[in-house]
Amino acid sequence: MDINKIRAGFPILQRKVNGKPLIYFDNGATTQKPKQVIDRISKYYLEENSNVHRGVHTLSQEATDLFESAREYIRQFINAEETKEIIFTRGTTESINLLATALKPWIVRGDEILVTTMEHHSNFVPWQQLCEERGAKLKIIPIERNGELDLEFLAKMMNPYTKLLAITHISNVLGTINPIKEIIKIAKDKGVPVLVDGAQAIAHTKVDVQDLGCDFYTFSGHKAYAPMGIGVLYAKFNWMRRLPPYQYGGEMIEEVTFEKSTFNELPYKYEAGTPNVSGVLALETALRYIDETGINAIAKHEQKLLKYAEEKILEISGVRVIGTAKEKAGALSFVVDGTHPYDVGMLLDKMGIAVRTGHHCAQPLIDFLGLPGTVRASFAMYNTIEEIDIFAESLKKTVSMLR
Amino acid sequence: MKSMTIQEKQQSIIEEFSIFDDWMDKYSYLIELGKELPAIEEKYKDSQHLISGCQSRVWLHAELKKDGKIYFSADSDAVITKGIVSLLIKAFSGHSPDEILNADMDFLEEIGLKEHLSPTRSNGLVSMIKQIQLYAKVFKLKENR
């Protein structure tokens, strides 16, 4: 992996912020986009734009072919069994809302849905609302102080009333990589279906949904070098074929009369309205880019960054790393005793460093940890050891200003 | 000695800041102001006095004294935010409701702290200014009754 070549492919990395070269460590929120992805969007609008499906003219057929072959590529990328199991959404949040809506009739009073303490609001609130509406119980799987799940406890929380386990693959705050395959196996043995929130995983680790054995897996394109506004819900055919639609109109319709409507087959049943075609094509480009770079090489590089960054910031007195699971990826959260995350983030920004501060849309977790928030540095393939050196120096300066 | 108007106070804050040409000095000063801000009475650090900013919490208390002027006190868990609050207090504390309601609220932009006014910074500064004005309005109504 040639890091200089990679960096040269991301135009925004040449930018300066507050007069300093940009150091972008907010990849957990969204990654920057390589030139190929940006070009793919403009190519679509310069040469290929047309509405997909049902058009008889050439442009429409071409756009449809491109759109459907992108779906097929994405199927391969996550190794789903069938192309119709790939549903395009706006992103992880919409995927989970879609699923929570579609599952509504299936959840009845007394049922239970399991989530963990480390969930993002997007994999928490839809289930909380669903449970409230249906008289079901939302049960929260606790975590250990280091940010790991206790699998024995997790197993004990499942019972015949458990209708779903909704769990993140990698924590956006703590960086914990959950032993997701093992967890899915525990759930399967108890007959509990599993939704995996892969938003923080897809750009950092190999995802093979058949190998994992989950019922549902979701991710957003924009956290994996693709544009915003496109995401994927992988859902097993046998599930979605039985569940009701989520939104109505457009491509999801089969036949409509004044009295009645019937709905299109999968995946179209869940893709109401004109889809984000350029987003889908650019998502394919982004995933191909990951594949060409090599997910294992990327993971290895990012692991090196994460370990190095952790070592460097721990040299600064008062720094505490939040989330010390054995297996971590992507995110490094920390607090500095005697400082507020907001102040640290503001001053780092002045030095050209983009980090995220606050609760990271995981308030229940932050409350559980008893913190006002954390500072989070999160890495991508284009980040470097040199950037971490500058970051650590800047953090040192920041801390001395604040104390 | 005649006391300063809000406008004069704002002008003097702007002048104070104009000597810093480097962001670090400016922020160091802001942090210093934040640390020096007199503590708010603990009982006012409750949800009633909390201004909903997303990331750092700010508590603002106001009191109309017999001289017909409003006195503010405040606190925040973030020190930069506290520094900014202290500038607001410096400018607006000790003035009548009418003076506050007629005052220009944009003086922070002139000292290059505009970024804190952006809602994405989520420090609740905009809500803080609104809250100061709201206190002034409420006290004015009470006075006129």
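**Exercises on a predicted model**

The buried residues of α7(A) pack against α6 (151-156), β7 (162-168), β8 (194-197) and α8 (209-212) of chain A. The model is predicted, and the exercises below begin with this helix.

**Exercise 1. The two faces of α7(A)**

Determine which residues of helix α7 (residues 180-189) of chain A are buried, and on which side of the helix they lie.

*Solution.* Step 1: the buried residues of α7(A) are A:Ile180, A:Ile183, A:Ile184 and A:Ala187. Step 2: these residues cover an arc of only 100 degrees around the axis, so they fall on the same side of α7(A). Step 3: the general geometry agrees, because an α-helix has 3.6 residues a turn and residues three or four places apart point the same way. Step 4: on the face turned away from the buried side, α7(A) carries the exposed residues A:Lys181, A:Glu182 and A:Asp189. Step 5: just after the helix, A:Gly191 adopts a positive phi of about 75 degrees.

**Exercise 2. The packing of α2(A) and α10(A)**

Describe how helix α2 (residues 35-48) and helix α10 (residues 277-293) of chain A cross, and list the residues that meet.

*Solution.* Step 1: two packed helices are described by the angle between their axes and the distance between the axes. Step 2: the axes of α2(A) and α10(A) come within 9 Å and cross at roughly 150 degrees. Step 3: angles over 145 degrees count as roughly antiparallel, and α2(A) and α10(A) are therefore roughly antiparallel to each other. Step 4: their crossing is right-handed. Step 5: α2(A) contributes A:Gln36, A:Val37, A:Arg40, A:Ile41, A:Tyr44 and A:Tyr45, which meet A:Val277, A:Ser278, A:Leu281, A:Ala282, A:Thr285, A:Ala286 and A:Tyr289 of α10(A). Step 6: by class, this contact has 9 nonpolar, 3 polar and 1 charged residues.

**Exercise 3. The surroundings of A:Met240**

Establish whether A:Met240 is buried or exposed, and identify its contacts beyond four places in sequence.

*Solution.* Step 1: A:Met240 belongs to helix α9 (residues 237-240) of chain A. Step 2: a residue is buried if 20 or more other C-beta atoms lie within 10 Å of its own; A:Met240 has 23 and is therefore buried. Step 3: leaving aside neighbours within four places in sequence, A:Met240 is in contact with A:Ala235, A:Leu266 and A:Tyr270. Step 4: A:Met240 and A:Lys84 are 156 residues apart in sequence, and their C-alpha atoms are 9.8 Å apart in space.

How values were computed:
Residues numbered from 1 in each chain as written. Chains lettered and ligands numbered in written order. Predicted model: local features only at pLDDT ≥ 70, side-chain atom pairs only at ≥ 80, totals over all residues. Buried ≥ 20, exposed ≤ 12 C-beta atoms within 10 Å, placed from the backbone. Helix = DSSP H or I, 4+ residues; strand = E, 2+ residues; numbered from the N terminus. Arc of directions from axis to C-beta. Contact = placed C-beta atoms within 7 Å. Axes fitted to C-alpha atoms, helices over the stretch in contact; angles between N-to-C directions. Parallel < 35°, antiparallel > 145°, perpendicular 65-115°, else oblique. Left-handed = near helix turned anticlockwise from the far one by under 90°. Nonpolar A, V, L, I, M, F, W, Y, C, P; charged D, E, K, R; others polar.
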